[in-house]
2 protein chains.
Amino acid sequence: MLAGSSLIRKMFEEGARLKAVHGADKVFDFSIGNPDIDPPPEFHRTLRKLLDEGRPLPHGYMPNAGFPDVREKIAVKAGREQGVTLDGSHILMSVGAAGGLNAVLKAVLNPGDEVVVARPYFLEYRAYVANHGGRLVEVDAMPDFNLDVDRIADALAAANEKTAAVLINSPHNPTGRIYPAETIGRLARVLEAHGKKTGRYPYLIADEPYREIVYDGKVVPPVLAAYHEAIVVTSYSKSLSLPGERIGYIALSPAMRDKEDVFSALAYTTRVLGYVNAPALMQRAVAALIDEKAPAAVYAKRRDAFKEVLDGAGIAYVDPEGAFYVFAKVPGEGGSDAGGPGGDDRRFVDCLKQHLILGVPGSAFGAPGWVRFAYCVDEKVIRASASAFKAAVAAWTAAGQKG
Amino acid sequence: MLAGSSLIRKMFEEGARLKAVHGADKVFDFSIGNPDIDPPPEFHRTLRKLLDEGRPLPHGYMPNAGFPDVREKIAVKAGREQGVTLDGSHILMSVGAAGGLNAVLKAVLNPGDEVVVARPYFLEYRAYVANHGGRLVEVDAMPDFNLDVDRIADALAAANEKTAAVLINSPHNPTGRIYPAETIGRLARVLEAHGKKTGRYPYLIADEPYREIVYDGKVVPPVLAAYHEAIVVTSYSKSLSLPGERIGYIALSPAMRDKEDVFSALAYTTRVLGYVNAPALMQRAVAALIDEKAPAAVYAKRRDAFKEVLDGAGIAYVDPEGAFYVFAKVPGEGGSDAGGPGGDDRRFVDCLKQHLILGVPGSAFGAPGWVRFAYCVDEKVIRASASAFKAAVAAWTAAGQKG
């Protein structure tokens, strides 16, 4: 379990090592989704204001779901995004999206239940599901990395009433895809039909930390408006650059059948999994910053820079519609030379590392033959990596021709 | 699961309701261990300073175990308290003690393993152990609520090598007991002998959030110095009055056999349980406040006030040596009238509630016939409750004589 636990974290640590040896400015570290952009200035002003206000103490216990006034504020914003009317009874503050997902999975899973996910996906989903006695069922995405709703329908049919949930992530890590409204609508109809047939309506869990980081005027379609058993889990890790602060929330569809039970179950799992509640001061901070926007424009410029770099090196990729990842195809010769899927992306990542470029093999997301680059780094670093990328591809191609 | 989940939380919510009806100053709420004392002024000064310093950003990801410099600082303090030499490799920052306990239990439990705990105990331990496929085995404490080491030895012998850990809590919730060094020493020898015999050394997990809240010059004896497989889990919830901020840590015995493996497992469980890391800003804050002391003197005065109140009402109790709880015996007549253990404390709590006094039935800790009062409330509230206590006991006695 430990050995295969996280290629991403390994790259993160490898990056730190290489920087110590070669100097931080010589290493092109695109390994981890750790925003380098400061939280907005308003964030620190807000914290100071909260500290000055003093009472009521913002550091004590509160209901496990979070401060009621905070949840009311979040509800208004989440409702607007999701095309539904929400109030505080639909919101539970969480310890980031990862804490929220664990709380949700513990609440909805019976032992042996299945959770369907589209491959590629953030591989820790597998651990989250296993934590609570569930089994992750992977189905391939479409070639363009849109959801393959037919495959999901097949997985539901095969599992009959054992499917507790379908877990999606849009904008998508690692591909940067946004699932179109039409796809979400089709998925909702499949889930609805499955529920009618089996008597068990699978939850649609939408992991949405990148909702605000979108390009070219795109909008992430709502899931709460699309399906009555939908649950949104999100965080401020990416939108406000607060990944270390562990603050996010869970939002429930107002049309959910057992809404009160699900809410109670989530308050309970939040408590007994040891979160108890989302960090208090950060709850107040994100409520005060409800109108703050993610720095999507900054990421858009970086995306453009990264595309230029990859184009220049002759590396193909999925055009990112959101999030701050680009999913790049391992160049042909080396890829085919590696002898089937699985090996090549790891070898290409090693080759990149020789040129002090850090990316994460697609295998870490269940997609061998691809590499993920995180562009939540300064645009200058991205542009400076151009010649290293060219050199790496040249070396890779040469090695491929030799091999 | 939900229905029996938490009497404490129920009282907490009942308290809020009663205060809304009768006015906050008319309700004597001793239900929950939510410190009413402000965090020390130095805490807010420290947060401001951290905000002013700006870079390096305190809000990003860091190793799952926490900021290395923070862990080094914590290690020095924890080592001093525990009578051993620690460094950062022995410390993992956690999402409070509850998050730390869950991370530890997930790391050390195999399916079906047992965890031994002395009754009474904080009932959520049961859920924490069940979360990770374990089974909680309760053994009664001594009549004076010290650990009954012989009973623990019997439980170990009965389980053979199925015991993963013994879980203790000192100063103790709900009794206020501190386990003496001699008891910890005897327990360590029992664990050592059991390990020699079975080949499996149970971990000794010490939940110590009240370590600094002690009275009459008492000191909580170290566990890391006493036993090589000891793990301390603690938080700043009580000592710095930060329960809502979810900040604590795990400390490993430097003599632990598989120390590196346990550390890696804990970093992994911290990540996949969705904590990812302890809240970043609070990590920096508690490291900066390393020499700050808990307001034990304030709690000592409250303890004295509460003892006077209970003495005045003729209610017997365990003299608290630490923490901020007093465990009081349900008065005789009503108790015996209730027809055996289990009913009486709930009925007595109902009777107290009629007099606007909120406590938690001992049943919530596996000890029917007792009531827990939390005295982390203003001394004035404690003193003002004297006549309500007297009236409640009078009503209780009268009802008992009638019934």
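I call a crossing right-handed if the near helix is turned clockwise from the far one by less than a right angle. By that convention I logged helix 4 of chain A as passing helix 8 of chain A in a right-handed crossing. The model I am reading is predicted.

**Entry 1: helix 4 and helix 8**

I looked up the geometry of this pair. Helix 4 (residues 96–108) of chain A and helix 8 (residues 259–272) of chain A pack at about 120°, and their axes are 8 Å apart. Helix 4 of chain A is therefore oblique to helix 8 of chain A.

I then listed the contact. Helix 4 of chain A contributes A:A103, A:V104, A:K106 and A:A107, while helix 8 of chain A contributes A:V262, A:A265, A:L266, A:T269 and A:T270. I sorted these residues by class and got 6 nonpolar, 2 polar and 1 charged.

**Entry 2: the sheet of chain A**

I traced an open sheet of 7 strands in chain A, with the order 2-8-7-6-5-3-4 and mixed pairing. Strand 2 (91–94) and strand 4 (135–140) of chain A are the edges, each pairing on one side only. Ignoring direction, I noted an average turn of 25° between neighbouring strands of this sheet.

I followed the edge at strand 4 further. Strand 3 (residues 114–119) of chain A pairs with strand 4 of chain A in the parallel sense, over 6 bridges. In this pairing I found A:E114 opposite A:R135 of strand 4 of chain A.

I also checked what lies over this part. Helix 6 (residues 149–159) of chain A lies across strand 3, strand 4 and strand 5 (163–169) of chain A, and runs at about 145° to strand 4 of chain A.

**Entry 3: chain B against chain A**

I superposed the copies. A turn of 180° with a shift of 0.0 Å along the axis lays chain B on chain A with an RMSD of 0.0 Å. The two copies are thus related as by a two-fold rotation axis. In chain B, I found the C-alpha of B:R48 nearest the axis, at 3.3 Å. Both copies use the same surface, since 100% of the contact residues of chain B recur in chain A.

I counted 44 residues of chain B in contact with 44 residues of chain A. On the chain B side, the elements that give two or more residues are helix 2 (41–53), helix 4 (96–108), helix 5 (124–131), helix 8 (259–272) and helix 9 (280–288). Helix 4 of chain B gives the most, with 5 residues. By class I recorded 25 nonpolar, 14 polar and 5 charged residues on the side of chain B that touches chain A.

Technical notes
Residues numbered from 1 in each chain as written. Chains lettered and ligands numbered in written order. Predicted model: local features only at pLDDT ≥ 70, side-chain atom pairs only at ≥ 80, totals over all residues. Least-squares fit on C-alpha atoms with pLDDT ≥ 70 in both. Contact = placed C-beta atoms within 7 Å. Helix = DSSP H or I, 4+ residues; strand = E, 2+ residues; numbered from the N terminus. Nonpolar A, V, L, I, M, F, W, Y, C, P; charged D, E, K, R; others polar. Pairing = 2+ DSSP bridges. Axes fitted to C-alpha atoms, helices over the stretch in contact; angles between N-to-C directions. Parallel < 35°, antiparallel > 145°, perpendicular 65-115°, else oblique.
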